[in-house]
Amino acid sequence: MRSYADGSTTPLTLYSYWRSSASWRVRIALALKGLAYEYKAINLLKGENFTAEYTKLSPLQLLPALVSEDGVFADSVAILEYLEEKFPQRPLLPADLKTRTVVRQVVHLVAANIQPFQNTRVVNLIEEKLGSEERLKWTQYWITRGFTALEAILKKTSSKYSFGDEVTLADVVLVPQISSAYRVAVDMSQFPTLEKVFRSFNELDEAKAASPENQPDAVIS
């Protein structure tokens, strides 16, 4: 059994796919909190998330899933909140109530109002019904719409990171989403604040450790 940064021996297992942005969020939080875990790769392209075994862990067949002594959790935001409460070292939510609430606003803006529209199941359906060109336009539209709102919020709160000079859950969810935006050729020059945060965050060793290309199941062409 492994020893963890807080002195406990709580075993953690993360079911992840290297390019899943939701899985990436959780990997970042685990790295920032100094938590060791066992990595279980679930290949989305091969449909391994639809197996009976994985469905028992995640009934909606989505990634990630985290197994701990307290149970199985299969929603990235719920997992982030769990880790924040279970392992309070290096807090990722500010002590100030107002700031903490705005951080949560940013988290849900990304997790509920941007990322779901580019979920593989959604964009595959768009492509099936309307073609690959419309798939790209769809994804770019929803990211741009969400980033416009985020830019307005964060230009009031950011310094080195989204909220001052301390990393928060806002950065944890934002960085994978910005990476996705670059991948689908969103014009990021519209969002200088987001670009600044992205660059600053990716200088962290924890960010590098959690990045997709450094995962055991990464396929780099």
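Select Lys86 to start: in this predicted model, Lys86 is partly exposed, with a relative accessible area of 25%. Now add Glu69, whose side chain meets that of Lys86 in a salt bridge, 2.6 Å from N to O. Glu69 sits in the loop between strand 3 and strand 4 (71-73), while Lys86 belongs to helix 3, so this pair ties together parts that are 17 residues apart in sequence. Add Asp70 to the selection as well: salt bridges with shared partners join Glu69, Asp70 and Lys86 into one network.

The structure holds six salt bridges. For another of them, stay on helix 3 and select Glu84, which forms a salt bridge with Lys33; the closest N and O atoms are 3.0 Å apart. Lys33 lies in the loop between helix 1 (21-32) and strand 2 (38-41) and Glu84 in helix 3, so the two residues tie together parts that are 51 residues apart in sequence. Are these partners buried or exposed? Glu84 is buried, at a relative accessible area of 11%. Lys33 is buried too, at 3%. Both values fall under the 20% limit for buried residues.

Next, select Glu38 and Lys40. Their side chains meet in a salt bridge with an N to O distance of 3.5 Å. Glu38 is partly exposed, its relative accessible area being 34%. Lys40 also counts as partly exposed, at 34% relative accessibility.

Now turn to the backbone. Most residues other than glycine have a negative phi, and most peptide bonds are trans. Three places to check follow.

- Select Leu63 and Pro64. A cis peptide bond joins them, with omega at about 0°. Pro64 is in the loop between helix 2 (52-57) and strand 3 (65-68).
- Select Gln61, located in the loop between helix 2 and strand 3. Gln61 is not a glycine, yet its phi is positive, near 65°. Its relative accessibility is 23%, so Gln61 counts as partly exposed.
- Select Arg90, in the loop between helix 3 (76-86) and helix 4 (97-113). Here too phi is positive, about 45°, although Arg90 is not a glycine. With 35% relative accessibility, Arg90 counts as partly exposed.

Finish with a helix pair. Two packed helices are described by the angle between their axes and the distance between the axes. Select helix 4 together with helix 6 (residues 132-154). At what angle do helix 4 and helix 6 pack? The angle is about 165°, and the axes are 10 Å apart. Helix 4 is therefore roughly antiparallel to helix 6, as angles over 145 degrees count as roughly antiparallel. The crossing of these two helices is left-handed.

To view the contact, show side chains on both helices. From helix 4, select Val102, Gln105, Val106, Leu109 and Val110. From helix 6, select Gly146, Ala149, Leu150, Ile153 and Leu154. By class, the contact of helix 4 with helix 6 has eight nonpolar residues, two polar ones and no charged ones.

Technical notes: Residues are numbered from 1 along each chain as its sequence is written. This is a predicted model: local features need pLDDT of at least 70, side-chain atom pairs count only at pLDDT 80 or more; totals for chains, interfaces and linings use all residues. Side-chain values use heavy atoms; hydrogens and water are left out. Helices (H or I, at least four residues) and strands (E, at least two) are DSSP runs, numbered from the N terminus. Buried means under 20% relative accessible area, exposed over 50%, partly exposed in between (1.4 Å probe, protein chains only). A salt bridge is a side-chain nitrogen of Lys or Arg within 4 Å of a carboxyl oxygen of Asp or Glu. Axes are lines fitted to C-alpha atoms, for helices over the stretch in contact, and angles run from 0 to 180 degrees between N-to-C directions. Angles under 35 degrees count as roughly parallel, over 145 as roughly antiparallel, 65 to 115 as roughly perpendicular and the rest as oblique. A crossing is left-handed if the near helix is turned anticlockwise from the far one by less than a right angle, and right-handed if clockwise. Contact means heavy atoms within 4.5 Å. Ala, Val, Leu, Ile, Met, Phe, Trp, Tyr, Cys and Pro count as nonpolar, Asp, Glu, Lys and Arg as charged, and the others, Gly among them, as polar.
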